[in-house]
Amino acid sequence: MEQEELDLWRIVDVGRYGSSNTIFKMALDIIEEEVQANKKYRQRLWDITKARYGKISTRFQKMDLNLLDDVFPVDILKELKNNVFPKMGEKYDELDSLLTQYISCSSTVKKSALQKIDECQGLVKRMEVLGNEFAQNAGYRRYRETDPNRIYLELD
């Protein structure tokens, strides 16, 4: 694999993507269970989820997909960059607002919060499907076989 192509793969190689997906799913499942049980949800877990989302979303937004040719799964990257992550941001903001109201003992928002969690879970599932499709790309597999010095997100 030529150095130029390696450099382009580094642009679209999002570190800790899979583990982030797992964290997103786990956090939403836990918060959903807590809200269903009328318990106080875990604010720290939600804060970690939002921070991780913010870092990955920023990574996608910085990608210049115009640099890529047909070797790259550009359609998947466009879907993640232009649809999935912006929608997740909107839904996470809406859920954040509902959870704030829920924690303030507003039981009327419980149903809305659960519905918003469900919407967020759907986007996380889409993120997982697209990530799996991306990982199956032959060029990406060749890139990973070069054992590149991968760019990872810094996590708090």
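Where is aspartate 69 found, and between which helices? In this predicted model, aspartate 69 sits in the loop that links helix H3 (43–61) to helix H4 (74–103). Aspartate 69 is partly exposed, because its relative accessible area of 43% falls between the 20% limit for buried and the 50% limit for exposed.

Let us look at its company next. On the surface, Asp69 joins Glu2, Glu4 and Asp70 in a patch of negative charge.

Now to the fold as a whole. The protein is built with 6 helices and 0 strands, and reading from the N terminus gives the order α-α-α-α-α-α. Of the contacts in the protein with a separation of 6 or more, 79% are made by residues 24 or more positions apart.

Here are some overall values for the protein:

| Property | Value |
|---|---|
| Span of the C-alpha trace along its principal axes | about 60 × 25 × 20 Å |
| Share of the 156 residues that are buried | 43% |
| Area the protein exposes | about 8,800 Å² |
| Share of that area from carbon and sulfur atoms | 46% |
| Distance between the centres of positive and negative side chains | 6 Å |

What about charge: how many positive and how many negative side chains does the protein have? There are 25 positive and 27 negative side chains. Glu2, Glu4, Asp69 and Asp70, the residues of the surface patch, carry negative charge.

Terms used
Residues are numbered from 1 along each chain as its sequence is written. This is a predicted model: local features need pLDDT of at least 70, side-chain atom pairs count only at pLDDT 80 or more; totals for chains, interfaces and linings use all residues. Side-chain values use heavy atoms; hydrogens and water are left out. Patches are made of residues with over 30% relative accessible area and no salt bridge: like charges are joined within 9 Å, nonpolar side chains (Val, Leu, Ile, Met, Phe, Trp, Tyr) within 5 Å. Accessible areas come from the Shrake-Rupley method with a 1.4 Å probe; for residues, only the protein chains shown count as cover. A salt bridge is a side-chain nitrogen of Lys or Arg within 4 Å of a carboxyl oxygen of Asp or Glu. Lys and Arg count as positive and Asp and Glu as negative; His and the chain ends are not counted. The place of a charge is taken as NZ of Lys, CZ of Arg, CG of Asp or CD of Glu. Helices (H or I, at least four residues) and strands (E, at least two) are DSSP runs, numbered from the N terminus. Buried means under 20% relative accessible area, exposed over 50%, partly exposed in between (1.4 Å probe, protein chains only). Contact means heavy atoms within 4.5 Å.
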